[in-house]
Amino acid sequence: MRPMFISIIALCLAMAAQAQTPAFTNVTSTTLADATGHSRGVAWGDYDGDGDLDIYVTNWTGGPNRLHQNNGDGTFTWINGTILDDSSFGGIATWVDMDNDGDLDLFVTNSGANRMYRNEGGGSFSEILIAAIQDGGLTRSAAWADVDLNGFVDLYFSVAGIAGPAPTGKVNKLFLTLGPTVFFPYAPDTLELPLQIGRGVAWADYDLDGDMDLYVANGGPPASYNEGDIDHSNALFRNNGDGTFSNITPPELEHDNDSRSATWVDYDNDGDFDLFVTTVSTSNNMLFRNTGDGFVATNHPELGAGGRTRDASWGDHNNDGYIDVYLSRVDDNRLLQNVNGGFAFINVTSGQLGNAANGRGVAWADFDDDGDLDLFNATTSANTLFRNDTETTNHWLKVRLEGVSSNRSAVGARIKVTTGDMTQMRQVTAGEGYMSCPPLEQHFGLGQAEIVDRIEIIWPSSSIVQIFEDVPADQVLIVVEAAQGTADINGDGLVNGADLATLLSLWGSSSPEGDLTNDGVVNGADLAVLLANWGGA
């Protein structure tokens, strides 16, 4: 037994060494003093296009929602007196370029009428009035994804329409975007969940087949309400790629336990998206590992946290290459550090990070552009903006994408960053969890690596793969989607054997003539594109 005892001690010592105590400073009073009130949602986004992240906070009873413009010097200015000062008992807010015009628009869910604001530039917004979208009825969460890959992001929102003593009867809805500000209700009722109480929503290509799938977390009604036939179970909807969805929820993912937040994350750096679901009950939050053949529940006591969790936000707070998570809880909030790709999660909460302020929405963002992630937590009393002052020699990379064939915000694009034998993967999202909208830019901690060996970007609509090698660390990398190569390589107006012969003659080279997918090499991916267009003009 002695060797095993020694190995356990060594393991504990190694974990303790990796669990560096973080240093966060509450800068709310000096930088964001106006962000007070009984708040719910938080949304980070560069609405004015000046390169730094602004923040929009939704309020419940603490006055109107508030837009705070980042001044670029570590402070914010409350932009009040605009149509964004909505007072309709706010839920989540999401920033995304819904009309592909180059600036971020805003969608806000409410217990009253939902609001959709179009960014007209110059700090001006106009409201888009679409009755079916406004009439949510106790709308809670929302998230965008280009489900049909037409180059425009589509909108899904969840509704707690059965909750409370006076249920509205409203249901979750998907609206397809056919063009700028042209929204069409998704006809099939697969996604409506008429007997469930919508809470958190999260899109991701969990099966890596090129289209976005959806997970919906459902909560329970108040104890005073007669539940009747209400179904509390969560649901996983697979995108079939033909305009339809299938409810394929395995029993373990139903998690029928008063859920709130759902987030997709590659916490173990194995190249697929895992699922984290929180609950406000006293049972445990659940982390489900994606095996490629299904999902397996993991046993992480700190992640379970005894439930009581409304929202969760994932981010590599110490830039070591392993993504961590902050839990916004009913009682005490917690920062959990990921050790060695999810081998363990260690509670490293310190100071006011653990404030017991009845947490709601929470989201990481590098608001001061110093390369590490800061944190905003909306609560029912004192909102908190925590500046990350952790001292570390670890490096970082931020990636900002701009779609061309794909939607302008690049929602749905996957980014793989490789340093040494570690590959991290992120997917661009617009709205996730329960009440949070992280920024569109993707942040990667690189550990001690000063050079990124390889960056691979998979675009959603075009399926183009762009590859960059030997990229210096500690920078913001801005990437515009490349143009799609033509399968008619010889330009004779028809994709046929002549094009195949040319492609094969270029096999293994970096010739742009045969590199139809723009991934830097002529290979099987280009052959697949050619065959998919065989016989076409």
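In which strand is the place of Thr423? Thr423 is found in strand β31, where strands (E, at least two residues) and helices (H or I, at least four residues) are DSSP runs numbered from the N terminus. The model is predicted, so local features need pLDDT of at least 70 and side-chain atom pairs count only at pLDDT 80 or more, while totals for chains, interfaces and linings use all residues. Residues are numbered from 1 along each chain as its sequence is written, and side-chain values use heavy atoms, with hydrogens and water left out.

With a relative accessible area of 29%, Thr423 is partly exposed; buried means under 20%, exposed over 50%, and partly exposed in between (1.4 Å probe, protein chains only). Between the C-alpha atoms of Thr423 and Gly271 there are 7.5 Å in space, although the two residues are 152 residues apart in sequence. A second pair of residues was considered in the same manner. Asp526 is placed in helix α7 (residues 524-532) and counts as buried at 0% relative accessibility. The C-alpha atoms of Asp526 and Pro460 are separated by 16 Å, with these positions 66 residues apart along the chain.

Empty space was examined next. Rolling a probe the size of a water molecule over the atoms shows where empty space is left. On a 1 Å grid over the protein atoms alone, a cavity is a set of points where a 1.4 Å probe fits but cannot get out, and a pocket is an open set with protein on both sides within 12 Å along at least five of seven lines; lining residues have an atom within 4 Å of a point. Grid points are joined across faces, edges and corners, and a volume is the space filled by probe spheres set on the points.

The volume of the largest pocket is about 610 Å³. Its lining consists of 28 residues, and those nearest the centre are Asp46, Gly102, Leu104, Leu401 and Leu440. Two or more residues of this lining come from each of β2 (39-45), β8 (115-121) and β29 (395-402). Strand β29 supplies the largest share, 3 residues. The lining of the largest pocket divides by class into 10 nonpolar, 9 polar and 9 charged residues; Ala, Val, Leu, Ile, Met, Phe, Trp, Tyr, Cys and Pro count as nonpolar, Asp, Glu, Lys and Arg as charged, and the others, Gly among them, as polar.

In the whole structure, 2 cavities of 30 Å³ or more are found. The largest cavity holds about 460 Å³ of space. It is lined by 26 residues, of which Trp314, Ile323, Arg426, Glu432 and Gln442 are the closest to its centre. The elements β14 (198-204), β18 (259-265), β22 (309-315), β31 (422-427) and β33 (442-447) each give two or more residues to this lining. By class, the lining of the largest cavity has 13 nonpolar, 8 polar and 5 charged residues.

Charged pairs were then listed. Side chains of opposite charge can pair when their charged atoms come close. A salt bridge is a side-chain nitrogen of Lys or Arg within 4 Å of a carboxyl oxygen of Asp or Glu, and by this rule the count comes to 15. In one of them, the closest N and O atoms of Asp99 and Arg118 are 2.7 Å apart. Asp99 lies in the loop between β6 (90-96) and β7 (105-110) and Arg118 in strand β8, so this salt bridge ties together parts that are 19 residues apart in sequence. Asp99 is buried, at 5% relative accessible area, whereas Arg118 is partly exposed at 25%.

Asp369 and Lys398 also form a salt bridge, at 3.0 Å from N to O. Because Asp369 lies in the loop between β26 (359-365) and β27 (374-379) and Lys398 in strand β29, the pair ties together parts that are 29 residues apart in sequence. The relative accessibility of Asp369 is 38%, which counts as partly exposed, while Lys398 is buried at 1%.

In a further salt bridge, between Arg454 and Glu456, the closest N and O atoms are 3.3 Å apart. Arg454 is partly exposed, with a relative accessible area of 30%, and Glu456 is buried at 16%. Asp366, Asp369, Lys398, Arg400 and Glu441 are joined into one network by salt bridges that share partners.
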